[in-house]
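Please examine the sequence and the three-dimensional structure shown below before reading further. The paragraphs after them explain the structure step by step.

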Amino acid sequence: MFKKLIAHAWSLRHQFIRYFCVGFSAFILDMSSLMLLKEVFGWQPITAVITNQPFIIAYVFLSNKYWSFDNRELAHRQVVRFLMLVGFNYTVSVTTIYIFNHQLGWDYRLVRIGTIILATCWNFLSYKYWVYSSKPIITNKQLV
């Protein structure tokens, strides 16, 4: 079972690299727009995050759908699932910015980087096996 799991993980490496590239470019866009809104326009970090996220979300959905996961299916179900995952990620982002920056005074950039790292950990598998998948999740029986 372990060998099959490792082989399966290895087979996903090219897809993960594309996912990582999309994520990294989204990170650069996210942080740049956040700092622009905060430093140049004087917005509060929480307002800047709330404002820039719809654009980052659209970029991530379309880039991952067509490039990372090479998915050409109609997107209705994918959009719904993606938005559910985004809703969860969005709630985590806004809550952590509020708690750690607004309440505790931590640097907003570090807080945002931390939330992005956390979301990256669970998003690849969620995208691969839930959002963009037309097949059921791999079962234990398939790994044996």
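The explanation below moves from the overall fold to the pocket and then to contacts between side chains.

The structure is a predicted model, and its confidence should be considered at the outset. For the protein chain the mean pLDDT is 88, and 93% of the residues reach 70 or more. Among the elements, helix 2, which covers residues 13–40, has the highest mean pLDDT, at 93. The lowest mean, 57, belongs to helix 6, at residues 140–143. Where pLDDT is low, the predicted coordinates should not be read in detail.

With this in mind, the general architecture may be described. The protein chain has six helices and zero strands, and its pattern along the sequence reads α-α-α-α-α-α. The C-alpha trace spans about 55 × 30 × 25 Å along its principal axes. Of the 144 residues in the protein chain, 35% are buried.

Which helices help to line the largest pocket, each with at least two residues? They are helix 2, helix 3 (45–68), helix 4 (76–103) and helix 5 (108–131). The pocket has a volume of about 560 Å³, and 28 residues form its lining. Helix 5 contributes the most to this lining, with 10 residues. Nearest the centre of the largest pocket lie Val-60, Ile-116, Ala-119, Thr-120 and Asn-123. Sorted by class, the lining comprises 18 nonpolar, eight polar and two charged residues.

The next topic is the pairing of charged side chains. Side chains of opposite charge can pair when their charged atoms come close. The structure holds four salt bridges, and three of these are described here, beginning with the one between Arg-109 and Glu-39. In this pair the closest N and O atoms are 3.9 Å apart. Because Arg-109 lies in helix 5 and Glu-39 in helix 2, the salt bridge ties together parts that are 70 residues apart in sequence. How accessible are the two partners? Arg-109 counts as partly exposed because its relative accessibility is 30%. Glu-39 also counts as partly exposed, with a relative accessibility of 47%.

Arg-109 has a further partner, since its side chain meets that of Asp-107 in a salt bridge with an N to O distance of 2.8 Å. Asp-107 is partly exposed at 30% relative accessibility. Glu-39, Asp-107 and Arg-109 are thus linked in a network of salt bridges. Another salt bridge joins Arg-72 to Asp-70, with 3.3 Å between the closest N and O atoms. Arg-72 has a relative accessible area of 55% and is therefore exposed, the cut-off for that class being over 50%.

Finally, one acidic residue deserves separate attention. Is Asp-30 buried or exposed? Asp-30, which is found in helix 2, has a relative accessibility of 2% and so counts as buried; the cut-off for buried residues is under 20%. The side chain of Asp-30 is joined to that of Gln-53 by a polar contact of 3.3 Å.

In summary, the predicted model presents a chain with six helices and zero strands. Helix 5 gives the most to the lining of the largest pocket, and it also holds Arg-109, a member of the salt-bridge network with Glu-39 and Asp-107.

Terms used: Residues numbered from 1 in each chain as written. Predicted model: local features only at pLDDT ≥ 70, side-chain atom pairs only at ≥ 80, totals over all residues. Heavy atoms only, no water. pLDDT = per-residue confidence, 0-100. Helix = DSSP H or I, 4+ residues; strand = E, 2+ residues; numbered from the N terminus. 1 Å grid on protein atoms, 1.4 Å probe; cavity = no way out; pocket = protein on both sides within 12 Å on 5 of 7 lines; lining within 4 Å. Points joined across faces, edges and corners; volume = space filled by probe spheres on them. Nonpolar A, V, L, I, M, F, W, Y, C, P; charged D, E, K, R; others polar. Buried < 20%, exposed > 50% of the residue type's maximum accessible area, 1.4 Å probe, protein only. Polar contact = N/O pair within 3.5 Å; in protein donor to acceptor, adjacent residues only side chain to side chain.
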